[in-house]
Amino acid sequence: MTIRSNHYEAAFEAYLRNLQTPYVAVDESRRSIAADGTIKNVDFIVSPSGSEMSWLVDVKGRQFPSGRKNRYWKNWATIDDLQAMAQWELLFGPQFRGLFVFAYCVTGDMAPLPQNLLFPFRGEVYAFVGVRIDLYAAWARRISPKWRTIAMPTTAFRQLAQPLKLFLETPVVSGGDFDRRRATEMAPAY
């Protein structure tokens, strides 16, 4: 089960149900066992109807804006998050792709998506923005060695992240020269 006390994950699940998108909520109470240790679990496996590809989703809850200085487009994750998603992609095979979904709880006058793509849930308003793991890894830069956190530069994130609805309604095109070229030119900085 997802962590029901996590309002970001609860809102994400309600969004999927609202769109009638098939999914499995993953039990996060224990890490999964692997040959060389444990792996952090994904939050959801999402299989859009009519698609040949399924998404391995890790939901990242953030406020929009965030912090005392009203910072926008926070997209940090941990190195463990990224490594676990890469492991799950290998384990599940080529018909599954990793996706970070940044579930932004809109707390100000600005929103990361147009009004028609916002989702009201339990008195809050959410915007769901996704970025593929391969693209995130290609652009990620270390932000805190102590906390093992990474993030994409804001400009790259705004160009590569898409409204979640596009991921759920558009057939996935695997690979592409740009993705392969970008991944080899810009190795992850973690």
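This report describes strand S9 and its pairing partners, followed by the internal cavity, in a predicted model.

**Strand S9**

Strand S9 covers residues 124-132, and 7 of its 9 residues are buried, so the strand is largely enclosed by the rest of the structure. Buried here refers to a relative accessible area under 20%. In a regular strand, side chains alternate between the two faces of the sheet.

The pairings of S9 are listed below.

| Partner strand | Residues of partner | Sense | Bridges with S9 |
|---|---|---|---|
| S7 | residues 96-106 | antiparallel | 7 bridges |
| S8 | residues 119-121 | antiparallel | 3 bridges |
| S12 | residues 162-163 | antiparallel | 2 bridges |

Individual bridge partners can be assigned for each pairing. Phe102 is matched with Val129 of S9, and Val129 also has Pro163 of S12 as a bridge partner. On the S8 side, Pro120 has Val125 of S9 as its partner. Strands S8 and S9 form a hairpin with 2 residues between the strands, and in this hairpin Arg122 adopts a positive phi near 50 degrees.

**Internal cavity**

Rolling a probe the size of a water molecule over the atoms shows where empty space is left. The structure contains 1 cavity of 30 Å³ or more. The volume of the largest cavity is about 30 Å³.

Which residues line the largest cavity? The lining is formed by Tyr15, Leu113, Leu117, Phe128, Pro163, Leu164 and Lys165. By class, this lining comprises 6 nonpolar residues, no polar residues and 1 charged residue. Pro163 thus appears in two settings: among the lining residues of the largest cavity and as the bridge partner of Val129 in S12.

Definitions and conventions:
Residues are numbered from 1 along each chain as its sequence is written. This is a predicted model: local features need pLDDT of at least 70, side-chain atom pairs count only at pLDDT 80 or more; totals for chains, interfaces and linings use all residues. Side-chain values use heavy atoms; hydrogens and water are left out. On a 1 Å grid over the protein atoms alone, a cavity is a set of points where a 1.4 Å probe fits but cannot get out, and a pocket is an open set with protein on both sides within 12 Å along at least five of seven lines; lining residues have an atom within 4 Å of a point. Grid points are joined across faces, edges and corners, and a volume is the space filled by probe spheres set on the points. Ala, Val, Leu, Ile, Met, Phe, Trp, Tyr, Cys and Pro count as nonpolar, Asp, Glu, Lys and Arg as charged, and the others, Gly among them, as polar. Buried means under 20% relative accessible area, exposed over 50%, partly exposed in between (1.4 Å probe, protein chains only). Helices (H or I, at least four residues) and strands (E, at least two) are DSSP runs, numbered from the N terminus. Two strands pair if DSSP finds at least two bridges between them.
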